[in-house]
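Below are some notes for a colleague who is opening this structure for the first time. Please read them with the model on screen.

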Amino acid sequence: MTLLNDDQVQSFINSGFIEISLPELDSVHAKVNSRLREVCAAESQLGNNVLPRIPLLQQVLRNEKIHGALVSLLGSDYLIHPHRAIHRSTPLREALDGFSLSSDRHLMGAGSTATSMWHQDAQSPLARARYHVPKFLIGFYFPHEVIAEMGPTRFLRASHCDNGPDLSRSIYQPEHVRAGTFFLAHFDIAHAGFPNVSNDDRFMLKFVFARTSQPAKPTWSNERDYWSVPSEDLVDAGLYEPAASFIWNRMRGKTNNEQGSESSKSRLSNRKVSKEKRLRLIYGEVEGLSVQDCVAAFKSVQGLKKHDRLHKNLRDSTPGHPVRWNERAVVMETAAYRLAFLGQESANTVCSLIKSNDPWLQVNAAFVAGEIGVSDDEFAPNLFDLLQSPYHQVVRQAIDAITFMKVDNHRRILRHLKDLVLHKRPGWQTPLVKRGWSASDQIDMNVAMFLLANCMQLEAQDLIDISSIMLQKSNDYSSLVVAEALVRSGDPIAQNHAIEYFKNRAWNTSLLGADRAY
Ligand SMILES: [Fe+2]
C-alpha cells in the first residue's frame, strides 16, 4: 500500500480533493471502459450494482495507491459504502450557447445521467450531517481518457466546508483527464459536470467511502506536525487557513485543546469569498464566536421547528433559506461547528442544548458531541436519552454521535438500538424520498455503522443477536454494513452469518446472452 505523504494530505485538506493517476492499470481501465459501454447498452442503469456487475473494478479500488490514499484520509478501517453511481454524459447535439467554466446548468446530451449544475452531493438516500473533518469521501473514477470537448468534471476548490456552491471560489477543471484517473474528494466538495460536445459518451463512476472511527493518530506517512501550505497561490485558492489547520490537527488525532500547531497565522489571504465569513465565525481567532455567542445563536432559533423539513424547499443550500433539516445532507448551525471546534470547553453547553427539548437544538448538540468525540459521565447519559426521542432526526444524529465516541456501556446502547431495529415506529415508515427510504431505513443504516465501528469492542453474541435481526429486517445497504461488521469481528460464528448473507446474494451471470439477460 502506498500511503500519502504530508504534502498530499495537506493538499487534500487545502483544496478538498486529490488526483491519483493509475497508469499501471491501463489494461484494466480499458477493459472496464468497454464493459461499461456494453452493460449500459445491453442491460440497465446498474447504479449500486455496478461493482458486482463489473468485479474487475475491485482491482482499481484495491490498488495500492487508492487503498493507501483511503487509509491515509479515513483510517485503515474505512468502509467502501454500498452507494455507487454511473454518470454518463452523452454528446450534446445543440450548440453551446455561451456556456463558460463558471456557468450553472446547461442542457446535457439526451439520456445523460450527469448534471452541469453546481452542487454538493446529497447523502444517499437520506441525509446525514455535513462534516468538516472528512467522514465521507467521493471517488470520481474516469475509466477512459477525457478530452476537453467531453466536459471533464469541474470542482470549486476549497468548497468542502461551505454551505452551498460559492462561485467566488477558484474553479478547477482539468483540460485533459488521463484514462484511469481517480479524483478522491471530500464528500461536500462543490462540483459540476460540463456539457459533452465530443462525439463519444463520457463515463464517470462515483464511489463513496466512509470513516468508521475518529482519528486517533495520523494514518498517512506523517513526518511534520504543523500545518503549512507551500505557496501563497495555494493559500489564496485554498481553505481558510484556521479551518485547514484544525482539520489537519484533528486528522492527526489531536483535539483542539492540545493542538499547539505552528501554523503561520499571518498567511490569511485577503480574497473576497462570501462563504468565508461563516468560516471565520467558526474557526477565527478574533472573529470566532464565543460560547455565549453560540448559546445566544441557538436561543434565537429555538422553537422554530427547524427539525422539520420544508416541502417548499427540499434542497439543503438554497440562497435565502436558512439551514434546517432536509433529506439531502444537513448543514448544522454555524454555532454547532464553532462548539465542535472549541471542544471540551463546549461540554456544558452541549448538555444544556440536549436538555432544551427542542429537537433541532438536540440534533445540533448530538452533532457537536460526536465531533468532540469524548465520552464523559456528563455527555454519554444525555446522548443515550436522545435515542428515545420521538423525533427520528434526533435519533439518527444521536446514533451517529455515539458511533464516533468511546463508550463504556455498550449493553445499554445495544438495548436501545435493538429496540429501534426490532420495533419500527409506525410514523417513521413513510417513504421520505423518491427512492422509497423511510426514517426507519436510515436508522437501520446508522445502527449498522455503529456496529461496524464497534465490532471489536462488542461481545460476539451481542453483535450476532442484533445482526441476525437486521439481516432479516433491514434493507441491503444496512445488511451489507452489518455483514461487514460480522466479518471484521473475527468471531467464527459471526463470520458464518456473514457468509450466509453473501452466499444468498451471489450473482450468477453464466447464462447471459447477447439479447437476453440471465
Ligand atoms: Fe455530484
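1. A residue is called buried here if 20 or more other C-beta atoms lie within 10 Å of its own, and exposed if 12 or fewer do. By that count, 47% of the 518 residues of the chain are buried. Please keep in mind that this is a predicted model.

2. On overall form, the chain has a radius of gyration of 23 Å, which agrees with the value near 24 Å that a compact globule of 518 residues would have. Along the principal axes, the C-alpha atoms fill a box of roughly 60 × 60 × 50 Å.

3. The secondary structure consists of 19 helices and eight strands. Among contacts with a separation of 6 or more, 77% join residues that are 24 or more positions apart in the chain.

4. Helix α7 deserves a look. It spans residues 241-251, and eleven of its eleven residues are buried, so the helix is largely enclosed by the rest of the structure. The buried residues include Glu241 and Arg250 as well as Phe246, Ile247 and Trp248. What lies over them? The cover includes α1 (6-15), α6 (232-237), α8 (276-283) and α10 (334-342). Just after α7, Gly253 has a positive phi of about 85°.

5. A single residue can be followed in helix α16 (residues 439-453), where Ile443 lies. Is Ile443 buried or exposed? Ile443 counts as buried because it has 24 C-beta neighbours inside 10 Å, and the cut-off for buried is 20 or more. Leaving aside residues up to four places away in sequence, Ile443 touches His392, Val395, Arg396, Ile399 and Leu420. As for the start of the chain, Thr2 is 441 residues from Ile443 in sequence, and the two C-alpha atoms are 35 Å apart in space.

6. Turning to the strands, three of them form an open sheet in the order β5-β4-β7, with antiparallel pairing. The edges are β5 (171-172) and β7 (191-192); each has a single partner strand, so one side of each is left without a neighbour in the sheet. In general, strands of a sheet pair through backbone hydrogen bonds, either parallel or antiparallel.

7. Within that sheet, how many bridges join β4 and β5? Strand β4 (residues 154-156) pairs with β5 in the antiparallel sense over two bridges. To find the pairing on screen, look for Leu156, which stands opposite Ile171 in β5.

Methods
Residues are numbered from 1 along each chain as its sequence is written. This is a predicted model: local features need pLDDT of at least 70, side-chain atom pairs count only at pLDDT 80 or more; totals for chains, interfaces and linings use all residues. Helices (H or I, at least four residues) and strands (E, at least two) are DSSP runs, numbered from the N terminus. The radius of gyration is taken over C-alpha atoms; the globule rule is 2.2 Å times the number of residues to the power 0.38. Two residues are in contact if their C-beta atoms, placed from the backbone, lie within 7 Å. Two strands pair if DSSP finds at least two bridges between them.
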